[in-house]
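Biologist: Could you take me through the salt bridges in this model, one pair at a time? I would like the distances and the surroundings of the partners.

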Amino acid sequence: MDSPSFIQSTVTAFQTGGVWMIFISIALAFSLAFSLERLIRLFFQYNVDGASFMFEVQKYILANDLDGAIRLCNGTGNAALPKVIKAGLQRASRDETQIQNAIDAASLETIPKLERRLPYLALIANIATLLGLLGTITGLIKSFSAIALADPAQRQAILSSGISEAMYATAFGLVTAIFTMIVHSILSSKANKILEEIDEFGVKLLDLLSARKYRQQTGKTE
């Protein structure tokens, strides 16, 4: 006799796990949707090789070609770091305080975009765990309540069914929670890395623009 396929086993487990499997499935669907959206944003849309990008920006600044540096920023799409660097470059003729304010304002505008929906993933992981636990409790209550009223010949089958429902709900809830927690950790780490690059290269930009202005002033007085 052939062993049941993975799909058949999954369907059987879903049916056996009771009504809480539906709610855990909804939590998993939200987890997958948020994870995919954040994955695309953080690893492709908002991401850029910070060191390489800043090296190119530095070459433009040292060549006194700020327009070229701004064009470089414009050519990176919606990447987070170039938007912050561009804000500083557009204030390059101002004093250091105004340049810093422009960088800070762009950073504050960018941070919520990087961290958006990440707290929901942590919430979903907790909810999935609790739903699995709730499925365990209700499955056991159902089993012991039915045993008290069932014939002795049926008690073993009823107890087995209730325990299966409890265990499947627990397992599905834990699998959903573990998956969501892993993805949340990966995405949070990526968002933090982008934020660290913004802080690091924002300071470096301010230093480059200050050095550029000093060279210009020195050149005028010579």
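Modeller: Happy to; here is a walk through the salt bridges. This is a predicted model, where local features need pLDDT of at least 70, side-chain atom pairs count only at pLDDT 80 or more, and totals for chains, interfaces and linings use all residues. Residues are numbered from 1 along each chain as its sequence is written, and side-chain values use heavy atoms, with hydrogens and water left out.

Searching the whole structure gives five salt bridges, each being a side-chain nitrogen of Lys or Arg within 4 Å of a carboxyl oxygen of Asp or Glu. Let's begin with E37. Its salt bridge with R38 has the closest N and O atoms 2.8 Å apart. R38 is buried, at a relative accessible area of 1% (buried means under 20%, exposed over 50%, partly exposed in between, with a 1.4 Å probe and protein chains only).

E37 also forms a salt bridge with R117, and here the closest N and O atoms are 3.3 Å apart. That pair links distant parts of the chain, 80 residues apart: E37 sits in helix α2 (residues 20-45), R117 in the loop between α6 and α7 (118-149). Helices here are DSSP runs of H or I, at least four residues, numbered from the N terminus. R117 is partly exposed, at 30% relative accessibility.

Next comes K59, which pairs with E56, the closest N and O atoms lying 3.5 Å apart. Because K59 and E56 are three residues apart in helix α3 (residues 50-62), about one helical turn separates them. K59 is partly exposed at 42%, and E56 is partly exposed at 30%. Finally, salt bridges with shared partners join E37, R38, R41 and R117 into one network.

Conventions: Helices (H or I, at least four residues) and strands (E, at least two) are DSSP runs, numbered from the N terminus.
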